[in-house]
Amino acid sequence: MLKRIFTLSLLAAAFWPAGGDAQSIKNDIVVFAALDKVTAQISPLEIRVNKTAKFGALTITPRACNTRPPTEQPLTAAFVEVEETQLDNTHKRIFSGWMFAESPGLHGVEHPVFDVWLTSCKTSAPPASAGKAWKPE
């Protein structure tokens, strides 16, 4: 447990430096990979922040997804809540916390039938232009 807390603090310190040098980019779409262990199928899942999607018996709700600018060391983190639908149709929270794309085995959802891990974040907005577009004469 202590090792996990230490690893989390190292990852958090790397993602959010104390000096505030690196700006995090807030994204509105979270991309996961989800494994169904029964069929051995890996499926990509794209879920909007604060929206919910189902994968088998799991309900996945991302709350935030942050990346760094391309000029910084790549680090992608998402805060995710995952619930499992029980046989009596009740819901049990099985994961609530930060996932890091660079450490999928460390902070993914490991379920007896399904695994879910963060792969990336993206935004639905077009990229901001730095100026006028170049047009050939």
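This passage looks at strand β5 and its pairing partners, then turns to Thr39, in a predicted model.

Strand β5 runs over residues 58-67 and sits mostly out of reach of solvent: 8 of its 10 residues are buried, so the strand is largely enclosed by the rest of the structure. Three strands pair with β5, and they are taken here in sequence order. Strand β1, residues 25-26, pairs with β5 in the antiparallel sense over 2 bridges. On that side, Lys26 has Asn66 of β5 as its bridge partner.

Next comes strand β4 (residues 53-55), again antiparallel to β5, with 3 bridges between the two. Here Lys54 is bridged to Thr59 in β5. The hairpin that β4 and β5 make leaves 2 residues between the strands, and Gly56 in this hairpin adopts a positive phi near 60 degrees.

Strand β6, residues 77-85, also pairs with β5 in the antiparallel sense, this time over 8 bridges. Thr59 turns up again in this pairing, standing opposite Glu83 of β6. Thr59 of β5 thus has Lys54 of β4 as a bridge partner and Glu83 of β6 opposite.

Away from β5, Thr39 lies in the loop that links β2 (29-36) to β3 (41-48). Thr39 has a relative accessible area of 47%, so it counts as partly exposed, given that the exposed class begins over 50%. Along the chain, 74 residues separate Thr39 from Val113, yet their C-alpha atoms are 9.6 Å apart in space.

Note on methods
Residues numbered from 1 in each chain as written. Predicted model: local features only at pLDDT ≥ 70, side-chain atom pairs only at ≥ 80, totals over all residues. Heavy atoms only, no water. Helix = DSSP H or I, 4+ residues; strand = E, 2+ residues; numbered from the N terminus. Buried < 20%, exposed > 50% of the residue type's maximum accessible area, 1.4 Å probe, protein only. Pairing = 2+ DSSP bridges.
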